[in-house]
Amino acid sequence: MAKLKLLGLSLRNFLKGPATVEYPRVPAPVEPDYRGRHYADLRKCTGCSVCAIECPANAIEMVEVPSGYEVPASNRRRVYPLIDYGKCVFCYRCVAVCPFSAYVVSNEYKLAGPEKPDSGPLSLDTLSRVGGG
Amino acid sequence: MGGRKIVEVPVTLEVPVGPQHPALHEPLLLRVYAEGEEIVRVEVNTGYNHRGIEKLCEKNSFHKNVFIIGRVCGICNTVHTDCYVRALEHLLGIEPCRRALFLRVLAMELERIHSHMLANAVLALNVGFENLFMNIMLDRERVMKAKEVLTGSRVMADYIIVGGVRRGLDDDKRDKIAGLLDALAPRLEYYKRVFEEDETVLKRTIDVGKASRLDAVRHSLLGPVARASGVAVDARASERYDAYGELDFNVVVKSEGDVWARAMVRWDEALEAVRIARQVLEKLPSDGNPVPDERKLPRKFPAGEAYTRVEAPRGELTYYVVSDGKGPNPYRVKIRTPSFNNIVNSPFMFVGYSVADLPAILASLDPCISCMERVTVIDVENGARRSMALRELAGGA
């Protein structure tokens with residue numbers, strides 16, 4: 001009797017298909033406030049470097065904004081935080097300590113890829129180019 | 001010409017178990033001396049995962065360390081953070097609001113559930129029941145999800161901060177966590193029953209790796225390992241830190257002292273943790289904002305020292321933090337983890353059992369290697385590799 005029951009269970013499990021989520025073919029949804037990819041909105045950033053100082057993983061480096069971008073007057077040194085997502089531990093310390101609340105947060109977690117991921121393009125996209133280019 | 005050849009056959013064979021994945025995926029070397037199938041002596045060798053975190057803490061500021069401390073151990077990161085943060089709060093003389101304390105307990109109890117589920121899953125894997133491992137891990141996803149809802153990340157919570165927690169809990173999230181716990185509790189009951197009734201598990205765990213009550217006390221074992229040997233040691237009950245003083249829970253104790261008892265203590269504790277988490281969700285007070293502004297936390301720490309302890313999933317974890325009052329960095333952070341204590345004092349448990357029992361016994365101790373790598377040199381007795389006569393071993397072990 002017990003064996004029949006087991007057989008039934010096995011058959012049912014066999015027909016049900018795998019229990020695991022077949023990521024990445026099937027999306028694995030995360031919470032909207034999951035700590036995912038974040039970057040600085042350079043319209044608000046003043047280049048004060050508090051995030052770079054406070055980063056526990058030393059993942060943030062202050063780099064110069066390339067020429068051709070219009071930087072707000074408050075950012076006199078023309079620097080912005082470049083986050084190396086390979087080093088980042090996603091603790092959001094930078095987001096919490098930013099005095100100007102300049103960080104844009106998202107729940108994006110799919111960061112694996114062939115190229116070295118950093119926040120450069122995302123941050124620079126928040127700025128308008130000089131001459132409307 | 002025709003010299004006599006002597007082939008020496010050692011009676012006791014040395015079997016190195018590890019350092020690559022001895023029973024779980026962490027580096028630890030067990031130097032096992034076996035006579036046939038029987039283990040006669042075990043030497044524990046650690047130090048393969050030493051990262052110098054205590055030194056790193058001296059080089060970083062008090063607040064940055066909160067996040068570095070969380071990385072001492074992935075599985076029990078909130079208890080580490082809680083212990084360290086409570087030491088900082090003691091130095092500063094800050095008392096967080098009750099709501100924050102309740103939320104901390106919720107995060108730590110969710111962590112205890114998933115840690116115990118992982119430990120028992122690995123035990124199931126090591127006794128050769130891989131299917132059970134898979135199933136437990138599948139259900140563990142529910143508690144990982146609950147932790148994600150609460151803290152914003154599945155594993156690395158980074159939830160506890162000086163003066164409170166880093167995000168609040170609204171009613172939607174509360175219902176979601178309660179729903180996940182409701183779905184999880186019957187599964188925990190089910191797995192507990194599997195461990196009570198399944199022949200495979202029973203045959204491999206009953207009367208294996210026995211530690212008597214006296215052994216547990218003599219070797220100062222901690223956590224579920226001690227509680228499975230009848231020693232009711234639990235920092236939650238004796239210290240009543242955070243909100244544990246206002247919550248009702250039992251200290252689970254078993255008297256058998258074998259691998260099975262340790263697994264059962266973990267299942268019972270996971271169920272007890274579900275009960276505590278439900279109480280937190282029900283009783284959650286609203287006496288203030290639990291989320292302090294991280295920009296306004298005090299930067300200057302007065303000179304002083306603090307010693308705190310918490311009950312981590314693996315036993316009592318203590319932190320000793322010294323501030324010299326001069327700079328933004330701590331003068332010293334000393335971490336004493338339960339795994340370290342349990343593992344280096346464990347060799348007596350293996351003696352007399354077969355080599356095949358070794359993974360089960362090791363898994364039942366729930367070793368967390370990255371937790372325990374605070375020092376680099378450890379040895380059980382006098383350390384050196386030496387050959388021993390069989391007679392000596394029989395008498396000395």
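**Two domains, a shared core and a second chain**

In this predicted model, chain B is divided into domain 1, made of residues 13–49 and 342–380, and domain 2, made of residues 53–155 and 171–340. The centres of these two domains of chain B, taken over C-alpha atoms, are separated by 24 Å, and where the domains meet, 23 residues of domain 1 are in contact with 32 residues of domain 2. On the domain 1 side of this meeting, the elements of chain B that give two or more residues are α12 (338–344), α13 (347–350), α14 (358–364) and α15 (369–372), with the largest share, 5 residues, coming from α14. Sorted by character, the residues of that side divide into 16 nonpolar, 4 polar and 3 charged.

The interior of the structure can be followed next. The largest nonpolar core has 134 residues, and those with the most contacts inside it are B:Y84, B:V105, B:L106 and B:A124. Helix α4 of chain B, which covers residues 98–126, gives the largest share of this core, namely 18 residues. Because domain 1 and domain 2 of chain B both give residues to this core, it lies between them. To see what surrounds one of its residues, consider B:A124, which, leaving aside its neighbours within four places in sequence, is in contact with B:F129, B:L132, B:F133, B:I136 and B:V201.

Another helix of chain B, α6, runs over residues 171–197, and its 27 residues reach 39 Å from the first C-alpha to the last, close to the 39 Å expected at 1.5 Å a residue. Its buried residues are B:I177, B:L180, B:L181, B:L184, B:L188, B:Y191 and B:F195. An α-helix has 3.6 residues a turn, so residues three or four places apart point the same way. What covers the buried residues of α6 includes α5, α7 (199–205) and α11 (259–283) of chain B.

Two loops of chain B deserve a careful look at the backbone. B:D158, in the loop between α5 and β4 (160–161), has a phi near 45°, a positive value in a residue other than glycine. B:R240, in the loop between α10 (235–239) and α11, likewise has a positive phi, near 55°, and is again a residue other than glycine. Their surroundings can be set side by side: B:D158 is buried, because 25 other C-beta atoms lie within 10 Å, whereas B:R240 is exposed, because 12 other C-beta atoms lie within that distance.

Chain A has 4 helices and 4 strands, which follow the pattern α-β-α-β-β-α-β-α when read along the sequence. A compact globule of 133 residues would have a radius of gyration near 14 Å, but chain A has 22 Å, and its C-alpha atoms fill a box of roughly 80 × 35 × 25 Å along the principal axes. Of the 133 residues of this chain, 24% count as buried. Among the contacts in chain A with a separation of 6 or more, 80% are accounted for by residues 24 or more positions apart. In the loop between α1 (2–16) and β1 (38–40) of chain A is A:P24, which is joined to A:Y23 by a cis peptide bond with an omega of about 5°.

Finally, the two chains touch through 13 residues from chain B and 15 residues from chain A. On the side of chain B, the elements that give two or more residues are α2 (62–70) and α5 (130–151), and the residues of that side divide into 5 nonpolar, 3 polar and 5 charged.

Notes: Residues numbered from 1 in each chain as written. Chains lettered and ligands numbered in written order. Predicted model: local features only at pLDDT ≥ 70, side-chain atom pairs only at ≥ 80, totals over all residues. Core = buried A, V, L, I, M, F, W, Y, C linked by C-beta atoms within 7 Å. Buried ≥ 20, exposed ≤ 12 C-beta atoms within 10 Å, placed from the backbone. Domains from an automatic or database assignment. Contact = placed C-beta atoms within 7 Å. Nonpolar A, V, L, I, M, F, W, Y, C, P; charged D, E, K, R; others polar. Rg over C-alpha atoms; globule rule 2.2 N^0.38 Å. Expected span 1.5 Å × (residues − 1).
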